[in-house]
Amino acid sequence: MMLNIARIALLSILCIAPLDLFCWGFYGHKSINRMAVFTLPTDLMGFYKQHLEFVSAHAVDPDMRRYVVKEEAARHYIDIDHFGENPFDAVPREWNDAIDKYTEDTLQAYGIVPWHVERMYNRLVHAFKEKDIPYILKTSADIGHYIADAHVPLHTTENYNGQMTNQHGIHGFWESRLPELYAEDYDYFVGKAKLIDRPLDVIWDAVEESHNAVDSVLEFERALTEEFPSDRKYAFEERGRSTVKVYSRDFSAEYHVMLNHMVERRMRDAIISVGSFWYSAWVEAGKPDLDKPIPQEQLDRIEEERKELEAAYKVKPVKSREHDE
Ligand SMILES: [Zn+2]
């Protein structure tokens, strides 16, 4: 009896522990930024290749910042379904128009990812014009993260972790567990980065595509759950020195088949989109020649900032959204 109680208590603790704490998982974000480099035209690819490790490693900084900077969280999502039946008609694409209609407080409360991508894009153009290489790299890594988040269906809904439909944990399931199991088999030949005319429209279109997939993401999981008893739906796996509760391999495999490559498609679209934003910013800045070494002290400063971020992140002064806990 005692043992059972202890086991139930342990199980419920493990239930809460997500497989991975972050959108797309650290693995996903790093891969997306890394692979975006290979979509670039040769005259720009050389520069990014030199800094491949940087743009990949720093792809996860925005997720760490969520636990350190209060304003950060809203930059990763938009709960578009908060805005009524036809939210994409209701919400103006332009930031100022949207503020006029809803106030900035409301927008911040329900997420601002498309506008934040636009802001990062303008920042990146500026950094290219200034040939400020550390800033180019930092902004490239950041915008890659936000673009990738905009491609995740559950980053576009109030029901972001299935919490409104008794599907708790689906957020990490879709964006971390499935890539963990299947990303090796994804096809990453995504083609070449394209010149973007209107960055804001491109990112809004991505949000809309993501949102169109929300129903399937939830519906398929609900249907499968009816077929799977709970002890087959979940399993326990070792993660380093701890044991975590995860969606079982059988359940994941069936969901993966039902989604019919959805995760892979969103990831591929994210990769090409990240490359296209970088490339377009560089072109808009007049294709600056970036063939100069970065002074060592600037590199040191960046590494210093990252260490500070990591240290602050460990303390987690800011509580983030439920699915991250
Ligand atoms: Zn994120």
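Modeller: A residue is called buried if 20 or more other C-beta atoms, placed from the backbone, lie within 10 Å of its own (exposed: 12 or fewer; partly exposed: in between). The model is predicted: local features need pLDDT of at least 70 and side-chain atom pairs 80 or more, while totals for chains, interfaces and linings use all residues. Residues are numbered from 1 along each chain as its sequence is written.

Colleague: Is Ala73 buried or exposed?

Modeller: Ala73 lies in the loop between helix H5 (61-65) and helix H6 (87-90), helices being DSSP runs (H or I) of at least four residues, numbered from the N terminus. Because Ala73 has 21 C-beta neighbours inside 10 Å, it counts as buried.

Colleague: How far apart in space are Ala73 and Ala109?

Modeller: In sequence, 36 residues separate Ala73 from Ala109. From C-alpha to C-alpha, the distance is 9.6 Å.

Colleague: Which helix gives the most to the largest nonpolar core?

Modeller: That core has 70 residues (buried Ala, Val, Leu, Ile, Met, Phe, Trp, Tyr and Cys joined through C-beta atoms within 7 Å); Ile32, Val117, Ile147 and Val274 touch the most other members. With 10 residues, the greatest contribution comes from helix H16 (residues 262-284).

Colleague: How many residues of H10 are buried?

Modeller: Helix H10 covers residues 133-150. It is mostly covered, and of its 18 residues the number buried is 16.

Colleague: What distance separates the end C-alpha atoms of H10?

Modeller: The expected span is 1.5 Å times one less than the number of residues, so the 18 residues of H10 should span 26 Å. The model agrees, with its end C-alpha atoms separated by 26 Å.

Methods: Helix = DSSP H or I, 4+ residues; strand = E, 2+ residues; numbered from the N terminus.
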